[in-house]
Amino acid sequence: MYHLFVFSTAYLFFLVFLREKKFYKQIVTFFIGLVIFENAIVLLQNFGFIDFLWGEIDRRDYLGFLSGTLGPNKIVLGLTMFLSIAALLALSLEKRIKINRTLAFIAISLSVVNLLISGSRTSYLALGILLAIVLLFKPGKMLVSLGVSLVLLFGITFFVPEIRNKIVEVYQYRIESRISNKEQLRDSSVTELYEDLGAGRKELQTRFLLSLKDNLYVVPFGAGFNNRMLFPGNSPHNMYLTLINEVGLVGLFFYVIWLLGYLFINFKTYKTLGVFLKAVVLAMMVTLLFGEHLYIFRPVFALLGLFLFVVALLISPRYFKYGF
């Protein structure tokens, strides 16, 4: 639980640090540079200019998946790109925030490319939820930004056809080939699509629920943090079920309250940032039904840190006394 304590404490100090407008702008500029740098590494890896950066065991277990410096798990790359897109899009669309929008949109477009290359279906869903919510509350701004991003994306894939071919290849392998009812896709039920695209999550979660039923004594307070004794090697790929097992319904309650708390933060002036904050949190809450990405074990604990970083970027301008 040391990671949880450190991340939470660092987040609070970071919020205070970002209240200085000078530091805020420097951090945002540095973040844009890091996003572009990471995207470049991912693309250079995928096209053979940089070798695989992880161990041979990871190469074998993840079928040689190339994800830059972020680890070989597809969801790590996909959600890193999603959170980067959300943060930079929010800052670009908030007219009171002065950043280098040209570089920001280049970073956004590259992040979209690598999110698509990641093959992370959870990340695709998160991006869909984000776009739907922002289009609902800020349709004008969102349509303009989508237009700019699509032009840049088209330019990238037009001048570098290998990227387009890679995206098509990933889509065919991760989406198209997994759908059993292609001819009647429009009429397919959500349940059927989930069974096709869920990579066995439904069966895992069913087995996990049955195990919880046989060990009801753990439900109130849990079996202990990161305790897999009752369910060895059987992660449910569902944050809420994992929390019930480890910290019980009591821990689950506080975890959900923590996420819901962001939805009630009032933005009097930076309303676009407020919309994006709610969209990011809701996207996370939905996708946590299919993963454990906002937690503190395995490589994905870095996503918790990035999530808190993005939240801090979106919340901090509320404390600027006279605007940016």
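Helix H4 (residues 74-93) comes out about as regular in length as the arithmetic asks for: at 1.5 Å a residue, its 20 residues should span 28 Å, and in this predicted model the end C-alpha atoms are indeed 28 Å apart, so expectation and model agree. Just ahead of the helix sits asparagine 73, which caps the N-terminal end of H4. The cap rests on a side-chain oxygen of asparagine 73 that lies 3.2 Å from the backbone nitrogen of isoleucine 75. As for cover, H4 is mostly hidden, with 20 of its 20 residues buried.

That burial goes along with the make-up of the nonpolar core. The largest such core holds 93 residues, and those touching the most other members are Phe82, Leu130, Tyr262, Phe276, Leu277, Phe307 and Ile315. H4 supplies the largest share of this core, 15 residues. As a general matter, nonpolar side chains in soluble globular proteins tend to be buried together.

Phenylalanine 82 is a handy place to look at the core in detail. Setting aside neighbours within four places in sequence, phenylalanine 82 is in contact with Leu115, Ala126, Leu127, Leu130, Ala283 and Met284. One of these partners, alanine 126, belongs to helix H6 (residues 121-137). Alanine 126 has a relative accessible area of 0%, so it counts as buried. Not counting residues up to four places away in sequence, alanine 126 touches Leu79 and Phe82, and also Ala283 and Thr287. The contact with alanine 283 bridges a long stretch of chain: the two residues are 157 positions apart, yet their C-alpha atoms are separated by 5.0 Å.

Aromatic pairs make up another part of the picture, and the count comes to nine. Tryptophan 258 and tyrosine 262 form one of them, an edge-to-face pair with 6.0 Å from centre to centre and 70° between the planes. Both residues sit in helix H11 (residues 239-263), and because they are four residues apart there, about one helical turn separates them. In general terms, an α-helix has 3.6 residues a turn, so residues three or four places apart point the same way. The two partners are not covered alike: tryptophan 258 is partly exposed at 28% relative accessibility, whereas tyrosine 262 is buried, at 5%.

Tyrosine 262 also pairs with phenylalanine 307, and since the ring centres are 6.1 Å apart and the planes meet at 75°, this pair is edge-to-face as well. Here the partners come from separate helices, tyrosine 262 from H11 and phenylalanine 307 from H13 (residues 301-315), so the pair ties together parts that are 45 residues apart in sequence. Both tyrosine 262 and phenylalanine 307 are buried, and both appear among the core residues that touch the most other members. Elsewhere, Phe14, Phe17, Phe23, Phe31 and Phe309 form one aromatic cluster.

Stepping back to the whole protein chain, the fold is built from 13 helices and zero strands. Of the 324 residues in the chain, 48% are buried. Among contacts with a separation of 6 or more, 68% join residues 24 or more positions apart. The accessible surface comes to about 16,300 Å², and carbon and sulfur atoms account for 68% of that area.

Terms used
Residues are numbered from 1 along each chain as its sequence is written. This is a predicted model: local features need pLDDT of at least 70, side-chain atom pairs count only at pLDDT 80 or more; totals for chains, interfaces and linings use all residues. Side-chain values use heavy atoms; hydrogens and water are left out. Helices (H or I, at least four residues) and strands (E, at least two) are DSSP runs, numbered from the N terminus. Buried means under 20% relative accessible area, exposed over 50%, partly exposed in between (1.4 Å probe, protein chains only). Contact means heavy atoms within 4.5 Å. The expected span of a helix is 1.5 Å times one less than its number of residues. A polar contact is a pair of N or O atoms within 3.5 Å; within protein, one must be able to donate a hydrogen and the other to accept it, and residues adjacent in sequence count only if both atoms are side-chain atoms. A nonpolar core is a set of buried Ala, Val, Leu, Ile, Met, Phe, Trp, Tyr and Cys residues joined through side-chain atoms within 4.5 Å. Accessible areas come from the Shrake-Rupley method with a 1.4 Å probe; for residues, only the protein chains shown count as cover. Rings of Phe, Tyr and Trp (its six-membered ring) pair if their centres lie within 6.5 Å; planes under 30 degrees apart count as stacked, over 60 as edge-to-face and the rest as tilted.
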